[in-house]
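Ready for a few hands-on exercises? Have a look at the protein below, then try each task before you read its worked solution.

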Amino acid sequence: MSEVIGQNAGGREANTSAMSNSKKEVEADLTRRRFLGAAMLAAASAGIAGAAPQESTSGKPPRSQDHHLPNEQNHGPQNAPVEGENPSAVWGTETDSGTVPPFKYPFAMARKRIETGGWTRQVTVRELPVSKSIAGVEMRLTAGGVRELHWHVSSEWAIMLYGSARITAVDAQGKSFVSDVSVGDLWLFPPGVPHSIQGLGPDGCQFLLVFDDGNFNEFETFLLTDWLTHTPREVLAKNFGVSEATFDKVPKKELFIFQTELPEDLKKEQSYVEETTGSVALRMDFKASEMKPTKVTAGGEVKIIDAKNFPITTISAAIVKLKPGGLRELHWHPNADEWQYYISGRGRMTIFAAGGRARTMDVEAGDVGYVLQSNPHYIENTGDGELMFLEMFKTPHYTDISLAEWLAHTPARLVDQHLGVGQEMLKKIAKEEVVNRPL
């Protein structure tokens, strides 16, 4: 038995040795194949992309300025016009990270309601979900076109973008306000104050309205005709001490924006409405067009309008102009969300949302932007012309904190221990906020 066992063992040893040699040959062959495969792949890549950049030591994927690399190409459906307007999204800014909800919406995508006296469209929290504290409305009125007498719960801040208009209002004390406004002028109607807007000659006007409620709806305000249409005529007759027939011509449907004749002379209308009770204590308009800039640098200028220079306002604003290449410096607003409206030019904005999250979006004329309270950001002019935009806040007092000003007033040694940029650099930072860069 032992002999048999010994012989079997010897056979197993011989078989094992043969199998081992065979396994080594297979592994060697596989190794050669892998090498050849890698070599052919490298040659193919070189043939397709030329001297393609290799994976960096930092682990970041390779990129090219003309986006020709295989890992950058898009062979699927493309919306070329939209992608052309949003290069920061299409090509993914390298410093962007994580998920930050969209923070811009173009007025061009908002539904336009066209009436006999003009048109209007809005961007609210329904169009831009992040915009919870402020909504915006664009409106065009023809010469003689009237935004019907109305009121609403929200404050209404406005800036004239084109032409001229006549505005009217009456406060809770029965005091009136009538004024003409032109390009660059502002107005503020407090909550609940009834008012109207009418386009003047020769070509009417266009303006932006800003409301301190993201859920505001321009199509659901309290309208004079709408109210009277839904009030019994006998009640109207009793209220004014006249016959019911007096109200036979009251429109059965709201006028909203309608065409009519141009108003009478401004002084004549002011004299009429101011009889007995007089005019309001605080003016409801502000001639921002005549205001000197709050700050001017080589990069641009800014005008800040809040309750300090426009006492009636409950909404503060900054009108910013950036020259090509100019930068609205890195900063944040500690007391309110920021709602933006881009009037002219092109730019880009990056928002840092904490937790390693950041996103860059491109902006242009007609876009609305939105930045949550205390989220740091910048706006850079990436176009060939001037970038002009509004910063709007649901607070009567404008406040911001710039990165440079913060670091300039913090011990340089402490900051250098964080950033490692050198104390000399830190000590050269301007002690006063710059707003627009370069200096």
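What percentage of the 439 residues of the chain count as buried? Keep in mind that you are looking at a predicted model. The answer is 40%.

**Exercise 1. Get an overview of the chain.**

Task: describe the chain's helices and strands, its exposed surface and its contacts.

Step 1. Start with the secondary structure: the chain holds nine helices and 25 strands.

Step 2. Move to the outside. About 23800 Å² is exposed, and 58% of that comes from carbon and sulfur atoms.

Step 3. Now ask how far along the sequence the contacts reach. Take the contacts between residues at least 6 apart in sequence: 75% of them join residues at least 24 apart.

**Exercise 2. Lay out an open sheet.**

Task: give the strand order of the open sheet of seven strands, and find its edges.

Step 1. Walk across the sheet and you read β1-β21-β18-β23-β16-β15-β14, with antiparallel pairing.

Step 2. The edges are β1 (104-106) and β14 (295-297), each of which pairs on one side only.

Step 3. From one strand to the next, the twist averages 15°.

**Exercise 3. Zoom in on β23.**

Task: work out which strands pair with β23, and whether its faces are covered or not.

Step 1. Take β16 (residues 316-322). Seven bridges link this strand to β23 in the antiparallel sense, and one residue pair to look up is Ile319 with its bridge partner Leu390.

Step 2. Take β18 (residues 338-344) next. Here the pairing with β23 is antiparallel too, over five bridges. Tyr341 stands opposite Leu390, while Gln340 has Glu391 as its bridge partner.

Step 3. Check how covered the strand is. Seven of the seven residues of β23 (387-393) are buried.

Step 4. Sort those residues by face. Leu387, Phe389, Glu391 and Phe393 lie on one side, Met388, Leu390 and Met392 lie on the other, and all are buried. So both faces of β23 are covered.

**Exercise 4. Follow the partners of β5.**

Task: which strands pair with β5 (residues 146-151), and over how many bridges?

Step 1. Strand β9 (residues 195-199) runs antiparallel to β5, with three bridges between them. In this pairing, Arg147 stands opposite Ile197.

Step 2. Strand β12 (residues 257-258) is joined to β5 by two bridges, also antiparallel. Arg147 turns up here as well, opposite Ile257.

Step 3. Strand β11 (residues 222-223) pairs with β5 in the antiparallel sense over two bridges. Look for Trp151, whose bridge partner in β11 is Phe222.

**Exercise 5. Find the nonpolar cores.**

Task: locate the largest nonpolar core and a second, separate one.

Step 1. A bit of background helps: in soluble globular proteins, nonpolar side chains tend to be buried together.

Step 2. The largest nonpolar core here has 54 residues. Those with the most contacts inside it are Trp157, Trp187, Phe207, Leu209, Trp339 and Met392.

Step 3. Strand β6 (residues 156-170) gives this core its largest share, seven residues.

Step 4. Pick out Trp187 and look around it. Setting aside residues up to four places away in sequence, Trp187 touches several residues, among them Trp157, Ile197, Phe207, Leu209 and Phe310.

Step 5. Then turn to the second, separate core: 20 residues, including Ala353, Val363, Leu387 and Phe389.

**Exercise 6. Inspect two asparagines.**

Task: why do Asn381 and Asn436 count as buried, and what do their side chains meet?

Step 1. Asn381 is part of strand β22 (residues 377-381). Its relative accessibility is 3%, so Asn381 counts as buried, given a cut-off of under 20%.

Step 2. A polar atom of the Asn381 side chain lies 2.8 Å from the backbone oxygen of Gly385. Beyond its neighbours within four places in sequence, Asn381 is in contact with residues including Leu322, Pro324, Arg346 and Leu387.

Step 3. Asn436 belongs to strand β25 (residues 436-437). With 1% relative accessibility, Asn436 counts as buried.

Step 4. The backbone oxygen of Glu301 lies 3.1 Å from a polar atom of the Asn436 side chain. Not counting residues up to four places away in sequence, Asn436 touches Thr297, Val320, Leu322 and Arg328, among others.

Definitions and conventions: Residues numbered from 1 in each chain as written. Predicted model: local features only at pLDDT ≥ 70, side-chain atom pairs only at ≥ 80, totals over all residues. Heavy atoms only, no water. Buried < 20%, exposed > 50% of the residue type's maximum accessible area, 1.4 Å probe, protein only. Helix = DSSP H or I, 4+ residues; strand = E, 2+ residues; numbered from the N terminus. Pairing = 2+ DSSP bridges. Polar contact = N/O pair within 3.5 Å; in protein donor to acceptor, adjacent residues only side chain to side chain. Contact = heavy atoms within 4.5 Å. Axes fitted to C-alpha atoms, helices over the stretch in contact; angles between N-to-C directions. Areas by Shrake-Rupley, 256 points an atom, 1.4 Å probe, with all protein chains shown as cover. Core = buried A, V, L, I, M, F, W, Y, C linked by side-chain atoms within 4.5 Å.
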